[in-house]
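Q: Please take a close look at one part of this structure, the open sheet, and explain how its strands are arranged and what packs on them.

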Amino acid sequence: MANTKYRDIRTSRANDVLGTIKRTFSYIGIHYKGRFILAIIFILLSSLAGVVSSYLFTPIINDHIIPHIGETNPDLSGFVNMIAILIVVYVIGVISSYVFQKLISIVSTGMLDDMRQDLFRIMEKMPVRFFDRRTHGEVMNYYTNDIDTIRPMIADGFPTLVTTVFTLVSCFALMFTLNVKLTFIVLAALAVMLVVTFALAKSSRKTFADLQRQVSNINGYTQEMFSGQKVIKVFNHEKATLDGFMVFNDSLYEAAVRTNAYASMLMPINGNLSYITYAVVAVIGGGMVIKQELSIGALASFLLYVRQFAGPISNLSQQFNGIMMSLAGAERVFNLMESDPESDEGQIRLVRAYRDGDNWVESNDSKVHNWAWKIPVGDEFKYLELQGDVRLNHVTFSYNPNKVILKDVSLYAKPGQKIAFVGSTGAGKTTITNLLNRFYDIDDDKGNITFDGIPIKEIKKDDLRSSIGMVLQDTNLFSGTVMDNIRYGRLDATDEECIAAAKRCNADSFISRLPNGYNTVLSANGSNLSQGQRQLLNIARCAVMDPPVMILDEATSSIDTHTEKLIEKGMDELMKGRTTFVIAHRLSTVRNSNAIIVLEHGEIVERGDHNQLLEQKGRYYKLYTGKAELD
């Protein structure tokens with residue numbers, strides 16, 4: 001259902017008002033159409049009760065009050081009956097109002113829940129560059145501020161609009177039956193109100209969109225500053241941080257002032273017009289009563305209708321701010337949904353398989369450690385055993401056209417080899433690992449990367465990434481138990497497999513000392529663990545994944561020497577028989593590599609094992625002997 005929904009809602013443009021409204025309400029039709037229609041029925045019933053109650057004052061005054069003025073013992077049975085009817089109408093209106101508010105609350109909450117699910121589903125398909133170019137606060141703003149602003153349009157704005165339209169049509173229909181002349185006066189006033197409302201809406205749309213952008217900017221800045229509080233305090237940057245915040249806050253203030261200026265104009269303008277209309281109708285209608293051209297009861301009902309039609313318009317004016325904010329938030333959300341997802345043209349899959357004679361047999365058993373590429377050939381498949389032969393062929397790459405990161409880089413990693421990358425910051429080490437995972441793609445004319453002779457663009461991304469385990473310098477642990485975080489590497493892993501992976505990485509000893517062992521609940525990002533312990537869990541998570549290829553990106557750079565030795569023992573065991581890429585600033589961790597590749601300014605300047613590079617007495621020799629340092 002989710003995929004169908006995703007296709008349907010992308011048919012409307014998000015950069016026009018009608019397209020945004022249509023797309024927003026399309027979410028209602030997915031799961032809440034019946035309750036929404038029922039809510040509309042009760043909205044109309046509530047509005048009808050208001051219109052009918054006003055009309056009842058004409059017969060009450062003309063037929064049951066005026067004829068009995070001056071009588072000593074008037075017959076009040078008819079008056080009592082009419083009052084009883086009036087009370088019943090009011091009760092129906094109150095009940096209808098309660099029911100539609102309940103239903104519209106369910107509908108609005110449910111559709112926003114669906115919208116968040118769609119947004120999260122789409123974000124998961126976004127390329128890494130999408131997140132690299134946005135702060136965490138900016139991304140979170142879509143889920144919180146932008147989507148939450150849509151609620152007023154559904155929960156308040158739409159019911160008010162339906163009530164307004166129905167009330168206006170009903171009121172004017174009954175006004176014409178009471179007096180045509182007075183009705184045209186009210187119509188003229190309504191025309192002025194509508195012109196003012198649409199003019200302000202058109203002029204203010206950009207200011208509301210700008211306000212949403214400013215809210216996103218300040219949220220992004222605030223999140224970034226709060227997450228870096230330790231660094232800010234260490235370097236005494238509180239004042240600079242506050243100055244930066246004030247820049248964003250001032251921009252938000254200016255945008256809010258412009259936005260609220262439009263919003264605050266509409267209510268008093270329409271309110272004053274309604275008061276003027278009421279006064280004009282009262283004066284002219286009073287003269288008509290004196291001339292006996294209009295009954296007192298008709299005038300009383302007409303004045304009630306004037307107030308009744310002005311009320312919904314005033315309410316709609318009050319909703320103006322919320323509706324425009326809703327449209328601005330919806331546009332941002334839908335424009336994001338229209339962003340190009342991560343493309344994946346690969347058709348080759350990675351499967352666990354083993355040979356049975358001349359045939360390959362696929363298996364879902366995690367104990368099967370043989371992997372094979374499943375390559376489609378017409379309507380059939382052929383299998384190629386995964387070896388772990390990775391090659392870059394004349395790769396040139398840049399994140400933006402103005403700065404080339406890799407310049408005609410060619411390298412190879414034979415099956416089971418440990419390849420280390422050494423070089424200054426910005427030399428292109430991490431970029432190579434990003435390309436191996438296809439977090440970024442190489443242009444077709446800028447070289448290619450092959451995995452066991454297969455261009456990686458032909459391999460399905462999920463399967464390519466399943467074949468490559470990564471341990472990064474920055475640890476990311478999730479809310480849950482220690483066991484949950486290890487199992488994150490392979491969700492179908494058993495407890496025994498998770499424990500075995502922890503033992504292989506020498507993480508079991510510290511886990512066993514935790515209050516509840518593997519069932520210890522971690523706080524936010526594992527803040528109740530040391531940096532070394534978090535990294536050990538990160539490595540155990542990769543171990544349980546059991547990947548054919550591994551990438552270690554500064555995996556031990558933030559760990560003390562004792563913990564580093566524990567990890568190296570586990571990693572040496574883990575890397576046996578696997579092609580491994582290691583990025584490290586500590587040269588002691590790459591001495592046993594089969595090949596060390598020295599990168600500078602996006603180019604390979606040296607390649608060889610530890611002893612060969614020392615004999616060359618080049619860049620690596622200078623780094624190792626301390627005659628040069630990494631930038």
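A: What follows describes the open sheet, after a short note on the model. The model is a predicted one, in which local features need pLDDT of at least 70 and side-chain atom pairs count only at pLDDT 80 or more, while totals for chains, interfaces and linings use all residues. Residues are numbered from 1 along each chain as its sequence is written, and side-chain values use heavy atoms, with hydrogens and water left out.

The protein has 22 helices and 16 strands, where helices (H or I, at least four residues) and strands (E, at least two) are DSSP runs numbered from the N terminus. Strands of a sheet pair through backbone hydrogen bonds, either parallel or antiparallel; here two strands pair if DSSP finds at least two bridges between them. Six strands make up the open sheet, in the order β10-β13-β14-β7-β15-β16, with mixed pairing. Its edges are β10 (468–471) and β16 (603–608), each of which pairs on one side only, and from one strand to the next the twist averages 20 degrees.

Within this sheet, β7 (residues 418–423) and β15 (residues 595–600) are joined by five bridges in the parallel sense, and phenylalanine 421 has isoleucine 597 of β15 as its bridge partner. Helix α19 (residues 531–545) packs on the sheet, touching β10 and β13 (549–553), where contact means heavy atoms within 4.5 Å. The direction of α19 makes about 175 degrees with that of β10, with axes taken as lines fitted to C-alpha atoms, for helices over the stretch in contact, and angles running from 0 to 180 degrees between N-to-C directions.
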